[in-house]
Amino acid sequence: MPVVSRVVSIVLRIAEIAFAAVVAGIIGWFLNRFGDLEVWPKARWIYTEVIAGISILFGLIWLIPFSAGLLLWPLDLLISFAWFAAFGVLVDANDRLNCGSIWTWGVITDNTFCGRWRAAQAFSFLSAIVWIASALVGMWFTFRVRRHTTDTYGTRSRV
C-alpha cells in the first residue's frame with residue numbers, strides 16, 4: 001500500500017470524525033434545548049444527528065489501518081451525498097430562523113443561536129467535502145493498484 005495514500009486517508013478520516021463530532025454536538029444542543037417544541041424542524045435535526053453518528057462510527061472503524069479501508073470508496077461517496085443532503089436541509093431551515101442570508105458568515109464565531117446554526121451548516125458542508133475527498137483518494141488508490149497489478153500481457157498478476 002502506498003504510503004502517501006495511507007497518510008492522506010488517515011488525515012481525512014480524522015477530519016471526518018472531528019467535523020461530524022462538531023455537527024453532532026451542535027445539533028444535539030438544538031435537540032436538547034428546543035426538542036419539546038412543535039415548531040422546530042426536529043426531523044431535519046434528527047437526520048443530521050444520525051448522519052453525524054454514522055460518520056463518526058465509520059470514520060473510527062475505517063481509521064484502523066488495513067488496506068480494505070481505501071477500497072470502500074463507494075461508501076465514502078454515499079456518506080458524502082448524505083452530508084450534502086444534511087447541509088441542504090439545514091440551509092433550507094434557515095429561512096424560518098430569522099438569521100439573515102445564508103451567506104452571512106460573520107456570526108459563526110458568536111455564541112448565539114444564529115452563530116451555532118451557521119457553524120452546524122459550515123461543518124456539515126466541510127464534512128461532505130472531506131468525505132468526497134476520501135472517496136476520490138480511494139478511487140485513485142483502487143485504480144492505481146489495478147493498473148500496477150496488470151503485467152505486460154494484460155493479465156492480472158497475483159500480488
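A residue is called buried here when its relative accessible area is under 20%. Keep that cut-off in mind, because it decides which residues make the list for each helix below. One more thing before we start: this is a predicted model.

Let's begin with the overall layout. The protein chain has four helices and zero strands, so going by the DSSP runs the pattern along the sequence reads α-α-α-α. Of its 159 residues, 38% count as buried. The accessible surface comes to about 8,800 Å², and 70% of that belongs to carbon and sulfur atoms. If you take the contacts between residues at least 6 apart in sequence, 74% of them join residues at least 24 apart.

Now zoom in on helix α2, which covers residues 42–63. With 22 residues at 1.5 Å each, α2 should span 32 Å, and its end C-alpha atoms are 31 Å apart, so expectation and model agree. Which residues of α2 are buried? They are Arg-44, Trp-45, Thr-48, Ile-51, Ala-52, Ser-55, Gly-59 and Trp-62. These residues cover an arc of only 135 degrees around the axis, which means they sit on the same side of α2.

Two of the residues on that list are worth a visit. Ala-52, in helix α2, is buried because its relative accessibility is 0%. What does Ala-52 touch once its neighbours within four places in sequence are left aside? Its contacts are Ala-20, Ala-24 and Trp-83. There is also a C-alpha separation to look at: Ala-52 and Ile-17 are 35 residues apart along the chain, with 8.6 Å between their C-alpha atoms.

Ser-55 is in helix α2 as well, and its relative accessibility of 0% is why it counts as buried. Beyond its neighbours within four places in sequence, Ser-55 is in contact with Ala-20, Ile-79, Trp-83 and Trp-131. Ala-20 and Trp-83 also turn up among the contacts of Ala-52.

For a contrast within helix α2, try Ile-46. Is Ile-46 buried or partly exposed? At 45% relative accessibility, Ile-46 counts as partly exposed. Its C-alpha atom is 10.0 Å from that of Ala-86, which is 40 residues away along the chain.

On to helix α3, residues 73–92. The length check works here too: 20 residues at 1.5 Å each should span 28 Å, and the end C-alpha atoms are 28 Å apart, so the two agree. The buried residues of α3 are Trp-73, Asp-76, Ile-79, Ser-80, Ala-82, Trp-83, Ala-86, Leu-90 and Val-91. Among them, Ile-79 and Trp-83 are contacts of Ser-55.

Ser-80 is a good place to stop in α3. Its relative accessible area is 0%, so Ser-80 is buried. Which residues does Ser-80 contact, leaving aside its neighbours within four places in sequence? Those are Ala-128, Trp-131 and Ile-132. Ser-80 and Ile-132 are 52 residues apart in sequence, yet 5.4 Å apart in space, C-alpha to C-alpha.

Ala-85 belongs to helix α3 too, but its relative accessibility is 35%, so Ala-85 counts as partly exposed. From Ala-85 to Ser-124 is 39 residues in sequence and 9.3 Å in space, C-alpha to C-alpha.

Finally, the aromatic rings. The structure holds nine aromatic pairs. One of them is formed by Phe-30 and Trp-117: the ring centres are 5.2 Å apart and the planes make an angle of 85 degrees, which is edge-to-face. What does that pair link? It joins distant parts of the chain, with Phe-30 in helix α1 (residues 3–34) and Trp-117 in helix α4 (residues 113–148), 87 residues apart. Both Phe-30 and Trp-117 are buried.

Phe-30 and Trp-117 also belong to one aromatic cluster together with Trp-29 and Trp-45. You have met Trp-45 already, as one of the buried residues of α2. Trp-29 has a charged partner as well: the charged end of Arg-116 sits over its ring, 3.9 Å from the centre.

Definitions and conventions. Residues numbered from 1 in each chain as written. Predicted model: local features only at pLDDT ≥ 70, side-chain atom pairs only at ≥ 80, totals over all residues. Heavy atoms only, no water. Helix = DSSP H or I, 4+ residues; strand = E, 2+ residues; numbered from the N terminus. Buried < 20%, exposed > 50% of the residue type's maximum accessible area, 1.4 Å probe, protein only. Contact = heavy atoms within 4.5 Å. Areas by Shrake-Rupley, 256 points an atom, 1.4 Å probe, with all protein chains shown as cover. Phe/Tyr/Trp six-rings, centres within 6.5 Å; stacked < 30°, edge-to-face > 60°. Lys NZ or Arg CZ within 6 Å of the ring centre and 35° of its normal. Expected span 1.5 Å × (residues − 1). Arc of directions from axis to C-beta.
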